[in-house]
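Here are a few short exercises to work through with the model open beside you. Try each task on your own before you read its solution.

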Amino acid sequence: MGYRSDVVYGILCNTPERKKEFVAMCKLNSQFKMALEELEDVYTDTPYMWGQFNFVKWYSDYDDVACHEALLKHIEDDEVPGVSARLVRVGEEEDDVDDIYYEGGDDAPDRVQIDIYPQTHTEIVNHLARD
């Protein structure tokens, strides 16, 4: 069955025009392009895009996870100007929460501008058979 997580991340650019440039650059890389295809608001006239993945196996060696992690790592490692990102992953265990900020290069938006609030909840489901 495997360990499951809920994952959300946002990429914020300092302007909608910068986002268009960033998306165009990402489309040249097949791995980044795969990540873009799973995100929301990629082609809107906003400075952000985001993805939410619920009850998923978020393993770095899975191709559909590796593409997202590579895109986020690229923002920070290559100090992409005018772009920052934040990822929050909440695992099945109550203390298993990752909150990672990826800071780009010059003019990258400040981390407080990406509002993601991790929450956990419990649910009681009664599966008792009745005679």
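**Exercise 1. Find which residues form the negative surface patch.**

Solution. Please keep in mind that this is a predicted model.
Step 1: Look for acidic side chains on the surface; the negative patch is formed by Glu76, Asp78, Glu79, Glu103, Asp106, Asp107 and Asp110.
Step 2: Place one of them in the fold: aspartate 78 sits in the loop between α3 (63-77) and β3.

**Exercise 2. Work out in which sense strands β3 and β4 pair, and over how many bridges.**

Solution.
Step 1: Locate the two strands, β3 at residues 83-91 and β4 at residues 97-103.
Step 2: Follow the pairing, which is antiparallel and runs over 7 bridges.
Step 3: Check the connection: a hairpin of 5 residues leads from β3 to β4.
Step 4: Pick out a facing pair to orient yourself; alanine 85 stands opposite tyrosine 102 in β4.

**Exercise 3. Describe the contact between the side chains of arginine 86 and aspartate 99, then decide whether each residue is buried, partly exposed or exposed.**

Solution.
Step 1: Inspect the two side chains, which meet in a salt bridge with an N to O distance of 2.7 Å.
Step 2: See what the pair connects: arginine 86 belongs to strand β3 and aspartate 99 to strand β4, 13 residues apart, so the pair links distant parts of the chain.
Step 3: Apply the cut-off for burial, under 20% relative accessible area. Arginine 86 has 14% and is therefore buried.
Step 4: Between that cut-off and 50%, a residue is partly exposed. Aspartate 99, at 43%, therefore counts as partly exposed.

**Exercise 4. Arginine 89 forms salt bridges with aspartate 96 and with aspartate 98. Find the distance in each case, and say what joins the residues into one network.**

Solution.
Step 1: Take aspartate 96 to begin with; its closest O atom and the closest N atom of arginine 89 are 2.5 Å apart.
Step 2: Turn to aspartate 98, where the closest N and O atoms of the bridge with arginine 89 are 3.0 Å apart.
Step 3: Put the two together: salt bridges that share partners join Arg89, Asp96 and Asp98 into one network.
Step 4: Compare the surroundings. Arginine 89 and aspartate 96 are both buried, arginine 89 with a relative accessible area of 10%, whereas aspartate 98 is partly exposed at 28%.

**Exercise 5. How many salt bridges does a search of the whole structure find?**

Solution. Searching the whole structure gives 5 salt bridges. Among them are the arginine 86 and aspartate 99 pair and the arginine 89 and aspartate 96 pair.

Note on methods
Residues numbered from 1 in each chain as written. Predicted model: local features only at pLDDT ≥ 70, side-chain atom pairs only at ≥ 80, totals over all residues. Heavy atoms only, no water. Pairing = 2+ DSSP bridges. Helix = DSSP H or I, 4+ residues; strand = E, 2+ residues; numbered from the N terminus. Patch = residues over 30% accessible without salt bridge, like charges linked within 9 Å, V, L, I, M, F, W, Y side chains within 5 Å. Areas by Shrake-Rupley, 256 points an atom, 1.4 Å probe, with all protein chains shown as cover. Salt bridge = Lys/Arg side-chain N within 4 Å of Asp/Glu carboxyl O. Lys, Arg positive; Asp, Glu negative; His and termini not counted. Charge placed at Lys NZ, Arg CZ, Asp CG, Glu CD. Buried < 20%, exposed > 50% of the residue type's maximum accessible area, 1.4 Å probe, protein only.
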